[in-house]
Amino acid sequence: WQVVAKNNSSPVGTSESWSFKIKGMDMDTLQTVIHHVYFTRLTRDIGSAPAICSGILHYSYSNEINAGTVHLSLYDVTSSQKREITLDSADYTVRYGENLNSLNLQETGGMIARHFYLLDLLNSRNEHWYLKFEYRK
């Protein structure tokens, strides 16, 4: 890969050459494709468009700071007052890079069909990552 700088369509300089390797498909990736499981990426934007969840919430978190654990909170945001939903465990182990995780909401008490929820992930830098979704049974 190389970038060519142009001035009025004439090349005036080039960058150094970069090379990249494409990650091969490992067993996790193959299972994801075969079973048509899609992971929704957490974002720093709390106002992003909501996803739809039917029982099991599959989410993706990019651990760029190499933290060992993150803290998860779940809130019902359907009304003006957000209500916290108690999770079995609030601290989850993560590894460096892309983390594909699932949260079984069928076993979580307090979930109401057609309500909107906010998953809030807090990392060791006190950065919040969000995923808004509508829960359906």
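User: What pattern does the protein chain follow when read along the sequence?

Analyst: Read from its start, the protein chain runs β-β-α-β-β-β-β-β-β-β-β-β, and there are 1 helix and 11 strands in it. Helices (H or I, at least four residues) and strands (E, at least two) are DSSP runs, numbered from the N terminus. This is a predicted model, in which local features need pLDDT of at least 70 and side-chain atom pairs count only at pLDDT 80 or more, while totals for chains, interfaces and linings use all residues. Residues are numbered from 1 along each chain as its sequence is written, and side-chain values use heavy atoms, with hydrogens and water left out.

User: Why does Asp76 count as buried?

Analyst: Asp76, found in strand E6, has 5% relative accessibility, and buried means under 20% relative accessible area, exposed over 50%, partly exposed in between (1.4 Å probe, protein chains only); Asp76 therefore counts as buried. In the protein chain, buried residues make up 28% of the 137 residues.

User: Why is Ile112 called partly exposed?

Analyst: The relative accessible area of Ile112 is 38%, which lies in between the limits of under 20% and over 50%, so Ile112 is partly exposed. Ile112 belongs to the loop between strand E9 (97-104) and strand E10 (115-122).

User: Which residues is Ile112 in contact with, leaving aside its neighbours within four places in sequence?

Analyst: With those neighbours left aside, Ile112 is in contact with Arg83, Tyr117 and Tyr135, where contact means heavy atoms within 4.5 Å. The C-alpha atoms of Ile112 and Arg136 are separated by 7.8 Å, although these residues are 24 residues apart along the chain.

User: What makes the link between the side chains of Asp76 and Thr78 a polar contact?

Analyst: The distance given for this pair is 2.9 Å, and a polar contact is a pair of N or O atoms within 3.5 Å; within protein, one must be able to donate a hydrogen and the other to accept it, and residues adjacent in sequence count only if both atoms are side-chain atoms. The side chains of Asp76 and Thr78 make such a polar contact.

User: How many residues does the largest nonpolar core have?

Analyst: The largest nonpolar core has 22 residues, and those with the most contacts inside it include Leu57, Leu119 and Phe133. E11 gives the most to this core, with 4 residues. A nonpolar core is a set of buried Ala, Val, Leu, Ile, Met, Phe, Trp, Tyr and Cys residues joined through side-chain atoms within 4.5 Å.
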